[in-house]
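Welcome! Let us walk through this structure together, one question at a time.

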Amino acid sequence: MAVDASGPRHAFGVYKRSIGAYLRSIAEYPVDFWVMAVSGTSWQVMLFAFLTILFGNVTSIDGWGYHEMLVLAGFLATSWSSTALLWDGIWDTGKMIVEGDMDYRITRPAPVLVQVGSKHVGMQVFGEATLGLVMLGVGWHGAGLGLGAVPTGLFLLLCAMVIQASLLTIANAANFWMKGRNPVIAFMLAELQNEGMRFPLTILPAAVRLVLTFGLPLAFASFVPAQILTGRLDAWWLLAPPVAAAATAALAVWVFRMGLRAYDSAGH
């Protein structure tokens with residue numbers, strides 16, 4: 001029986017083999033792995049220390065206490081680093097377009113988007129994810145969240161990863177039209193995510209909150225899940241993250257396909 005090169009089973013097989021091959025290559029250079037993993041902890045250590053020092057001088061940020069802020073920061077760090085672990089290859093889209101490597105991906109009997117997204121793994125994320133989980137764990141315990149909330153947390157984390165990977169895919173796909181090597185739009189998205197979403201959105205103007213919730217749905221990857229977990233939102237809000245994840249994923253696939261249609265081989 002012929003293998004369906006467009007089917008989900010085949011796509012998952014391609015993804016698993018590609019990620020597995022890169023992880024095996026990492027194991028051959030353990031020093032490089034540990035250097036990158038340790039370097040990845042530096043930002044999260046500074047954020048952890050910053051929040052600890054800050055809450056040594058203030059009691060709350062717009063009603064959010066220390067442990068609730070750790071839940072927010074830890075959830076964001078964990079979801080973002082997990083996305084980088086599983087979908088880091090998407091950052092090479094512009095480079096592959098300019099250098100002609102996209103031609104090779106197009107001619108292979110496998111989904112192009114899956115090949116690109118699974119091209120490599122960001123080694124620094126192992127350190128980032130570790131510190132993210134530490135912050136999330138400390139905040140989880142301090143905020144009084146029990147083991148019963150773990151399934152909800154994992155579900156929201158999965159939704160957040162899909163949203164972030166989808167938005168990164170859209171941002172990197174812009175290079176099909178911009179014809180640049182560097183993913184400028186994706187860099188802007190990452191900066192917005194890391195700088196703008198680590199504090200409660202309620203401290204921002206209403207117009208900005210609307211944009212980051214319904215226009216560019218980054219809120220559903222960090223702030224909304226943290227609110228759900230800490231009991232600040234009603235249970236029906238659990239429907240929102242999966243809807244946002246499905247919508248952004250569908251949009252990401254469509255934008256990338258449009259980009260492939262607009263793509264001109266580097267040899268032309």
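For charges, Lys and Arg count as positive and Asp and Glu as negative, while His and the chain ends are not counted; the place of a charge is taken as NZ of Lys, CZ of Arg, CG of Asp or CD of Glu. This is a predicted model, in which local features need pLDDT of at least 70, side-chain atom pairs count only at pLDDT 80 or more, and totals for chains, interfaces and linings use all residues. Residues are numbered from 1 along each chain as its sequence is written, and side-chain values use heavy atoms, with hydrogens and water left out.

Q: How far apart are the mean positions of the positive and negative charges of the chain?
A: The chain carries 15 positive and 15 negative charges. Taking the mean position of each set, the distance between the two is 8 Å.

Q: How many helices and how many strands does the chain have?
A: Helices (H or I, at least four residues) and strands (E, at least two) are DSSP runs, numbered from the N terminus. Read along the sequence, the pattern is α-α-α-α-α-α-α-α-α-α-α-α-α. The count is 13 helices and 0 strands.

Q: What is the radius of gyration of the chain, set against that of a compact globule?
A: The radius is taken over C-alpha atoms, and the globule rule is 2.2 Å times the number of residues to the power 0.38. The C-alpha atoms fill a box of roughly 60 × 45 × 40 Å along the principal axes. Because a compact globule of 268 residues would have a radius near 18 Å, the chain agrees with its 19 Å.

Q: What percentage of the residues of the chain count as buried?
A: Buried means under 20% relative accessible area, exposed over 50%, and partly exposed in between (1.4 Å probe, protein chains only). Among the 268 residues of the chain, the buried share is 49%.

Q: Which helix gives the largest share of the largest nonpolar core?
A: A nonpolar core is a set of buried Ala, Val, Leu, Ile, Met, Phe, Trp, Tyr and Cys residues joined through side-chain atoms within 4.5 Å. The largest one has 73 residues, and Ile90, Met102, Met197 and Phe256 have the most contacts inside it. Its largest share, 11 residues, comes from residues 150–173, helix H8.

Q: Which residues does Gly132 touch, leaving out those up to four places away in sequence?
A: Gly132 sits in helix H7 (residues 125–142). Its relative accessibility is 0%, so Gly132 counts as buried. With contact meaning heavy atoms within 4.5 Å, the residues it touches are Gly74, Ala77 and Thr78.

Q: Is Ala221 buried or exposed?
A: Ala221 belongs to the loop between helix H11 (206–215) and helix H12 (223–229). Beyond residues up to four places away in sequence, Ala221 touches Phe75, Ser79, Ala160, Ile163 and Gln164. Because its relative accessibility is 0%, Ala221 counts as buried.

Q: Where in the chain is Asp62 found?
A: Asp62 is not a glycine, yet it has a positive phi of about 50 degrees. Its relative accessibility is 45%, so Asp62 counts as partly exposed. Asp62 lies in the loop between helix H2 (30–54) and helix H3 (66–87).

Q: Where is Lys179 found?
A: Lys179, although not a glycine, has a positive phi of about 60 degrees. At 44% relative accessibility, Lys179 counts as partly exposed. Its place is the loop between helix H9 (175–178) and helix H10 (184–196).
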